[in-house]
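Q: Could you take a close look at the salt bridges in this one for me? I'd like to hear what holds on to what, and how far to trust it.

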Amino acid sequence: MGTPTTVDTLGLSCKINVISVRLICKDRRSGLILTIPLCTEQTSMEELSSTLDYLLGIPSDKCKARGFTVIVDGRKSQWNIVKTVVLMLQNVIPAEVSLVCVVKPDEFWDKKVTHFCFWKEKDRLGFEVILVSANKLTRYIEPCQLTDEFGGSLVYDHMDWVNKRLVFEKFTKESTSLLDELVVINESEKSNQLDKERPPDCNFLPSLDPETVLQTGHELLSELQQRRFNGSEGGGVAWSPMDDELLAQPQVMKLLDSLREQYTKYQEVCRQRSKRSQLEEIQTKVMQVVNWLEGPGTEQLRTQWGIGDSIRASQALQQKHEEMESQHSEWFAVYVELNQQIAALLSAGDEEDLVELKGLQQQLSDVCYRQASQLESRQNVLQSAHEFHGTAQDLSQQLDGLLGMLCADVAPTDGAAIQQTLKHLEEKLKSVEGSLAGLREKGQVVMDQMSNQTTWSYGKDVPIENKENIDHIQGVMEDMQLRKQRCEDMVDVRRLKMLQMVQLFKCEEDASQAVEWLGELLDALLKTHIRLGDDAQETKVLLEKHKKFVDVAQSTYDYGRQLLQATVVLCQSLRCTTRSSGDTLPRLNRVWKQFTVTSEERVHRLEMACSFHTAAEKVLVQTSPEQGDLPVEFEQETYEEVETVGKALLDRLTVPVIFPDGSEQYFGSPGDMASSALHIRDKMKLVEDRKLTLHEEDEEDVEQLQYDQIHDQDKELQDDEELQDDQELQEVDKELQDGEELELETDTEKS
């Protein structure tokens, strides 16, 4: 059953879990069933008696006349307590009790004691007492009228019943009290209307909220009607509402009707009261608002005209203006409330108050709108002045930062840092220009706003003298312009110096790059320029390419020298005595010397290879029919040249390049040199083979030549003899011819 809970109702203290009454339960005689559960704890007979008195006062006399069946649940209690409760029933409700059923525990009390006691007291009690087990209780009471704890099927919530009973009694008490108060108020208001000179008692109000009480009553009535409806519609056992509920519904409905009637009258009373009090209150408040706004409010605005000379001063003025606005806001809030109240009264349509209300509304609106306009104008001026001073402060800080950058020594580490610094400097200068333009714009806005600023004095607008504020704004803008111009001049000087430093770093960087390029050319010369050519023509082509390669290296070296000379000139121009070319010039000269030595060695090898290939080619092509035979002396010299140059070239290939610092470096890899040497040896062997072949051919040619010479000599002798004979014959023929011509001439002369 849970922990006992005390409920105070009509001055009685009831233990809910001690007494459980089921008003919808009936025994077989249609009498009500009263259940008294006992527990192991000590039961207060005084409280039990008070509870029974209260519960027995709920049913009607008709219900009580049918008698009660009392169930004393003693399963968790002792026999002496049960006996005391049964005897107490004789004193509380002796005439109403028809039957008392004592539910015995599983461990049965002493039969002799219990039977003897009940038998002994039977005549004195006036009602029958039986001792029965819980499972046999249905012999006397229908199961549908018993709860599940006694083996029945009745669904019953005792706490719900108690709560509903408390709500009913609370509503009855509150509604009765509220009705009395409403009747008194309504009668009093009626008397006041008859006697208009009598001051109304506006403080006489009901102690309870009528809406809340009505809501409680409607909810209670709805709950009672719903329970009745659900019971009549339910299936199974027939249900009949208890007399307390049947009696409660008409009582609640009657109270609700009376409350609604009196509450309607009370609402009309309140409306009339509210209307009268509102009109009087509106008149009073309107004059209060108008007098304050035209008096202290206007005086505050008239005395506040400055804009401050710094952002802190403008903030202080803004704070004062906010305080002033806060004071005005309170009165403006009153104005809004009054305007709404006047509009509500105007919409009510009472003609006798329309003219007065409209006049008050117009007067109030004119004063409030004029004051609000001046406040807004002053707020705009202060806001613009705050923005102006803020921009001026930011611009001043920007100029200080820019000046600090310009006064600091420039010690960048590389050209990129200089470019970044120069870019940062340009950005700062551009930001300063933008801020100065913004300052001029904001200053002009402030001056325009101040030129249009007026105040209300003695019923007319009076312009405010702002010459001092305008002079201050113009002075700030001129000062910022001068500071910006000085910074621009210094930026121009710093820009020129930094550009020279950029050129200096660029020259140093390019000079180092020239050294790297020259080193790469040297590395390429040693590692990739290793071919000597397969013939004289290819070797000559390689020589031409090498000359161009050397020209490129020479240009690179000259370019590096020029850059280093430019670096010296820039250092002198910048008066940068701490900077110099460092180790760039020694590195450049060292690499160039190494390249020069390597290049010369490459030229020597190519020239020797060219001589070798040229001599070898002469030997190899001398047997060609187009070439003809070479003289023996020339042929021998060529063989010797091929052998000498070839051996010298082979020896040179094994010798490394020795640099001026004593270090050594070989051309290409050992495999590359071995390949070149093998090609030279193959060609020398080919020349040697050609030499042996030609030597054998020469011996055969000598014998044939000797034979041909003898044959030619014989032929020449024979030819000489024939020629001599012919000459002699010719001489004879000539002499004969000459003799004939002489004779002919003689004959002619004679003729």
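**A close look at the salt bridges**

A: Let's start with Asp400 and Arg483, which form a salt bridge whose closest N and O atoms sit 2.6 Å apart. Asp400 belongs to helix α9 (residues 351-407) and Arg483 to helix α11 (residues 467-527), so this pair ties together parts 83 residues apart in sequence. The two ends differ in cover: Asp400 is partly exposed, at 44% relative accessible area, while Arg483 is buried, at 17%.

Now for a pair within one helix. Glu601 bridges to Arg605, with 2.8 Å between the closest N and O atoms. Both residues are in helix α13 (residues 584-621), and because they are four residues apart, about one helical turn separates them. Glu601 and Arg605 are both buried.

There's a little network too: salt bridges with shared partners link Arg531, Asp534 and Glu538. Within it, Arg531 and Glu538 have their closest N and O atoms 2.3 Å apart. Arg531 is partly exposed, at 42% relative accessibility, and so is Glu538, with a relative accessible area of 25%. Across the whole structure, the search turns up 14 salt bridges.

As for trust, keep in mind that this is a predicted model. Mean pLDDT for the protein is 76, with 79% of residues at 70 or more. The weak stretches include residues 1-19, where pLDDT stays under 50, and residues 231-241, where it also stays under 50. Where pLDDT is low, don't read the predicted coordinates in detail.

Note on methods
Residues are numbered from 1 along each chain as its sequence is written. This is a predicted model: local features need pLDDT of at least 70, side-chain atom pairs count only at pLDDT 80 or more; totals for chains, interfaces and linings use all residues. Side-chain values use heavy atoms; hydrogens and water are left out. pLDDT is the predictor's confidence in each residue, from 0 to 100. Contact means heavy atoms within 4.5 Å. A salt bridge is a side-chain nitrogen of Lys or Arg within 4 Å of a carboxyl oxygen of Asp or Glu. Helices (H or I, at least four residues) and strands (E, at least two) are DSSP runs, numbered from the N terminus. Buried means under 20% relative accessible area, exposed over 50%, partly exposed in between (1.4 Å probe, protein chains only).
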